[in-house]
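Trainee: Please take me through the helix packing in this model. Keep it close and slow, and add whatever side-chain detail helps me find my way around.

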Amino acid sequence: MPEIKVLPEEVVSKIAAGEVIERPASVLKELIENSLDAGASRIGIEIKKAGRGLIRVHDDGRGMDREDLRLALGRHATSKLGVFEDIYSLATFGFRGEALYSIFAVSRLKLTSFKAGSDSGFSIEGEGGRVTAELPAPPVKGTTVEAADLFFNTPARAKFMKSDAAERAQLIRTVEEAALANLGVSFRLVVDGASVLELPALPGGPWENLKNRAAAVFGKSVYGGLARVEGRTEGMAVYGLVSRPDALAATRANQHYFVNRRPVSSALLRQALYRGYGHMLTGRHPACALFVELDPGSFDANIHPQKRDVKFSSENEIFKTVSNAVYEELLSKQTAEVTLPSPGAAAGFSAPDVPAYREAPPSPPPAAAETGSLFGAAPAPQEVPSPAAASPDWRSRELSYLGQLARSYLLFESDAGLLVVDQHAAQERVLFEKYLDEFDKGGVKVQPLLVPLEAELSRSQMETVLKWRDWLKTAGFEIDQRGPATAVLRAAPALFYFTQAAFAEFLGYLSEVLGEPEKAAEDMKRSVIATMACKKSIKAHDFVKPQEALRLMEDLKRTKDSYHCPHGRPTLFFLSGGDIARRFQRGSAV
Ligand code: ADP
Ligand code: MG
């Protein structure tokens, strides 16, 4: 007796279905993609019993005639692929002709459709892959697919379902993602008889539409914390909305990534986003609707049965473009518009608030609105509100030092009013640029430590530090391992001054923020290191002598961005004579 058997077709189809159809949300995702491919402008979805009872998708797309309907249920039946090479350049969502076949194998399925030009509509139904009825139907534009009793014939798979609440959440997320990526289409979702999402088709410009959809999908409070990002490099564009660093969340629940408007879960994109925040994440998570647009030939969505993961041909480029777009946008949006600190805090002053972000004024939508792509045209230049615009240029003025406040702020008088400088932020900015300058000039000046500093780390932190050890050496840090999880600092950049505690914190930070050294872009690595090192090497609440204060301002003058510390917080603000006079309700300046 031979031991190898050929499996019956019915078994094969169930196995194949298991790969494509993992849970109710995968059914819904395939059905929505088919509706979108059919050119639908309205998609109505009804769910019962977390998708196990019923998933019904109705669209107003181009529909199918009797013959199409029969073919659609067959394996590898697709109207979207002619030759194999098309797989790599297809602009539609489906292309393997496997979805309906797979759903049919594990549910009771009914397709009803009408195609313009046919005498009547038609419907076809069956279960577990066998057609049981074919009937004429009313000529209603579009297609309705009803998948009932999912996994009724594969009890093992049914057992893998999560709780109703979890499956429902995934179903809703599926609709949300489709809605974020298809702004011109209306979506309606009804779950167990209750309307859950009601998203009208949006008529405006692309950014306006994306913002409106995002507001509806994320809800007001998350939406309120989002900032717009965009960037492009040769052959690719990145755009979308991401959380400002002051509006992060405890979970990743609100992250949506898209490649050519196809929802994906890509570790690469996620890491790139996180890297864009650098240390600003502090263990929290951004929300995002992040879109990457690429030449369809430069990635492969076929590696994953549910087409959820993608393989990019140029990972480094993508990583860099995404993380840079996020990083630059977030830092540039910060402004130094600080209101006067309110008195009464312990030190006499409360610390300045988290950076005041403001959304940039809306720029006109790119001209290519009608193409549906946000990137048909060159991105409109973005105006970034800067404190520089609001205050007189202190750099060209004579400053006289008035003194130090709360061992934290330096006060200067000029002919235009009062300049208040956050000494900490200003020192960080100066150090940061000096350090990066040394890097650029090809050598960080290193100083061996007379007494090496030690830091106790967790094993996983130690792992990360060791991975980065060679690169850190080029950055001026000579780090050794002693024992399983003790790091020893033998030499450091001469610019920096670390205490034992600061060094331990610095390494702790680093190991949280850094991932794989090979994956990160060089300039991003540098600025992450520089930002953290500067922060840790400066002592808070330090007495500053008058000469030091003036010296600091001289150094600050020469920096490229003297208005922000490397974290983007303001370094200084200006109170004009007029501002002061108004506070005392005087008519004229001092
Ligand atoms: P694929 O989408 O990969 O082609 P599917 O099994 O999802 O494979 O669908 C098979 C075919 O059925 C599609 O190529 C399309 O021609 C047709 N079809 C499926 N859903 C719809 C729909 N909602 N409207 C019009 N045609 C559809
Ligand atoms: Mg499909």
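Mentor: What follows starts with the helices and then turns to single residues.

This is a predicted model, where local features need pLDDT of at least 70, side-chain atom pairs count only at pLDDT 80 or more, and totals for chains, interfaces and linings use all residues. Residues are numbered from 1 along each chain as written, chains are lettered from A and ligands numbered from 1 in written order, and side-chain values use heavy atoms, without hydrogens and water.

Start with helix H2, residues 24-37, and helix H6, residues 164-181. (Helices are DSSP runs of H or I, at least four residues; strands are runs of E, at least two; both are numbered from the N terminus.) Their axes are 8 Å apart, at an angle of about 20 degrees. (Axes are lines fitted to C-alpha atoms, for helices over the stretch in contact, and angles run from 0 to 180 degrees between N-to-C directions.) H2 and H6 are therefore roughly parallel to each other. (Under 35 degrees is roughly parallel, over 145 roughly antiparallel, 65 to 115 roughly perpendicular, the rest oblique.) The crossing of H2 past H6 is right-handed. (Right-handed: the near helix is turned clockwise from the far one by less than a right angle; left-handed: anticlockwise.)

Stay on H6. It also packs on helix H7, residues 206-218. Here the angle is about 165 degrees, and the axes are 9 Å apart. That is why H6 and H7 count as roughly antiparallel. H6 passes H7 in a left-handed crossing.

Move to helix H12, residues 423-440, and helix H17, residues 546-557. Their axes come within 9 Å and cross at roughly 50 degrees. H12 is therefore oblique to H17. The crossing of H12 past H17 is left-handed.

Now look at helix H9, residues 267-277. It is mostly covered, with eight of its eleven residues buried. (Buried is under 20% relative accessible area, exposed over 50%, partly exposed in between, with a 1.4 Å probe and protein chains only.) The buried residues include Leu 268, Leu 269, Ala 272 and Leu 273. Tyr 274, Arg 275, Gly 276 and Tyr 277 are buried as well. Gly 278 comes just after H9 and takes a positive phi of about 55 degrees.

Two strand residues are worth a stop. Val 264 is found in strand S12, residues 262-264. It counts as buried, at 1% relative accessibility. Val 310 is 46 residues from Val 264 in sequence, yet the two C-alpha atoms are 7.0 Å apart. Leu 489 lies in strand S23, residues 486-493. Its relative accessible area is 0%, so Leu 489 is buried. Leu 489 and Val 451 are 38 residues apart along the chain, and 9.1 Å separates their C-alpha atoms.

Check the cysteines next. The structure holds zero disulfides. (A disulfide is a pair of cysteine sulfur atoms within 2.5 Å.) For Cys 565, the closest cysteine sulfur is in Cys 534, 9.6 Å away, too far for a bond. Cys 565 is also buried, at 1% relative accessible area. Cys 288 is buried too, at 0%.

Finish with two arginines. The charged end of Arg 108 sits over the ring of Phe 152, 4.1 Å from its centre. (This needs NZ of Lys or CZ of Arg within 6 Å of the ring centre and within 35 degrees of the ring normal.) Arg 228 has its charged end over the ring of Trp 207, 3.9 Å from the centre.
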